[in-house]
Amino acid sequence: FAQDSLIVSHDQPEITDTLNALGLTILTDSLVENRLKANKIFKKIILDELHAQTDFSIAYDSLKSVLIKTAPDSTFRIYTWQLFINDDEYKYEGIIQLNNAENDIISLTDNSKEYMSPEFEQGDKAHWFGNICYNIHSFESFEGERSYLLFGLNTHSLMERKKIIEVLTIKEGEITFGLPVFLKTDESNGHPPTKNRVIVNYFAGAAIK
C-alpha cells in the first residue's frame, strides 16, 4: 500500500531504511515466523519514534508498507498495515497519533474474531475491527460534537474482501469505534434500528467503490 507520510526523526534517516526492510519482510517473506518477528520489531520502532516526536507536522513519505491517513482537521493521524498469516487469516496493525499537547499515541489491537455481529457492535483500542484505513471524512453530530467517518479494507480471506465504514469518536484522549448511526436495511430485521458500521462483503476479484 502507498501512504501519505510517516513521522520519523530528521536526524535518523537510517530508521526509515530499517522500517522499509522490515516492511518488505512483513509483506514478502515465505515463513510466517519471520513475518511475525519482523512485524513485532516494526511496530515497536514506529511506536518509539512517535512517542519521541514533538512536532505533529513533520512527515516523511518513504515508508512503503504502511498506509497513513491524517484527519481533515489534523486532529489525529492513523497508521494501518496488514500481516499475511495464511490464505484465510490476515492480522491488522494500527496506531493512532493524536495531535494534542500530550502527544497521545494509541496502539490498536485487532480483535475482529471476537466480533459476533460486527455491524451492531462498538469497539475501542483493545477491540478494533482490524482494517486498512484508506479515507477519512469529518462531520459534526446533532449534538455538535466532531466525529470522523473512516473507510477501511479488510482482506478477510484469499477469496473474500470486506469494505468497512465506521465512525471514530475521540473524547479526552479516549477513542471509540462504531457509533450506531447507520439506518438499518430490510436484511437487519431482528437487530437494533441502527447499525454501528457498514460492511460490504465481496469477491476478491471484484472492484467495489
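## Aromatic pairs and the largest pocket

In this predicted model, Tyr148 has a relative accessible area of 3%, which is under 20%, so Tyr148 counts as buried. Phe76 is buried as well, because its relative accessibility is 0%.

The count of aromatic pairs comes to five. One of them joins Phe76 and Tyr148, and since the planes of these rings stand at 80 degrees, with the centres 5.0 Å apart, the pair is edge-to-face. Phe76 belongs to strand β2 (residues 76-86) and Tyr148 to strand β6 (residues 146-154), so that the pair links distant parts of the chain, 72 residues apart.

Tyr115 and Phe129 also form an edge-to-face pair, because their planes meet at 85 degrees, and their ring centres are 5.3 Å apart. Both residues lie in the loop between β4 (105-109) and β5 (132-140), so this pair ties together parts that are 14 residues apart in sequence. Tyr115, at 9% relative accessibility, counts as buried, and Phe129, at 6%, counts as buried too.

| Pair | Centre distance | Plane angle |
|---|---|---|
| Phe76 and Tyr148 | 5.0 Å | 80 degrees |
| Tyr115 and Phe129 | 5.3 Å | 85 degrees |

A ring can also have a charge over it: the charged end of Arg77 sits over the ring of Phe56, 4.1 Å from the ring's centre.

Turning to the empty space, the largest pocket has a volume of about 380 Å³. Its lining is made up of 17 residues, and Tyr90, Asp110, Ser112, Lys113 and His156 are those that lie nearest the centre. Strand β3 (residues 89-98) supplies the largest share of this lining, namely four residues, while the lining residues divide into six nonpolar, five polar and six charged.

Technical notes: Residues numbered from 1 in each chain as written. Predicted model: local features only at pLDDT ≥ 70, side-chain atom pairs only at ≥ 80, totals over all residues. Heavy atoms only, no water. 1 Å grid on protein atoms, 1.4 Å probe; cavity = no way out; pocket = protein on both sides within 12 Å on 5 of 7 lines; lining within 4 Å. Points joined across faces, edges and corners; volume = space filled by probe spheres on them. Helix = DSSP H or I, 4+ residues; strand = E, 2+ residues; numbered from the N terminus. Nonpolar A, V, L, I, M, F, W, Y, C, P; charged D, E, K, R; others polar. Phe/Tyr/Trp six-rings, centres within 6.5 Å; stacked < 30°, edge-to-face > 60°. Buried < 20%, exposed > 50% of the residue type's maximum accessible area, 1.4 Å probe, protein only. Lys NZ or Arg CZ within 6 Å of the ring centre and 35° of its normal.
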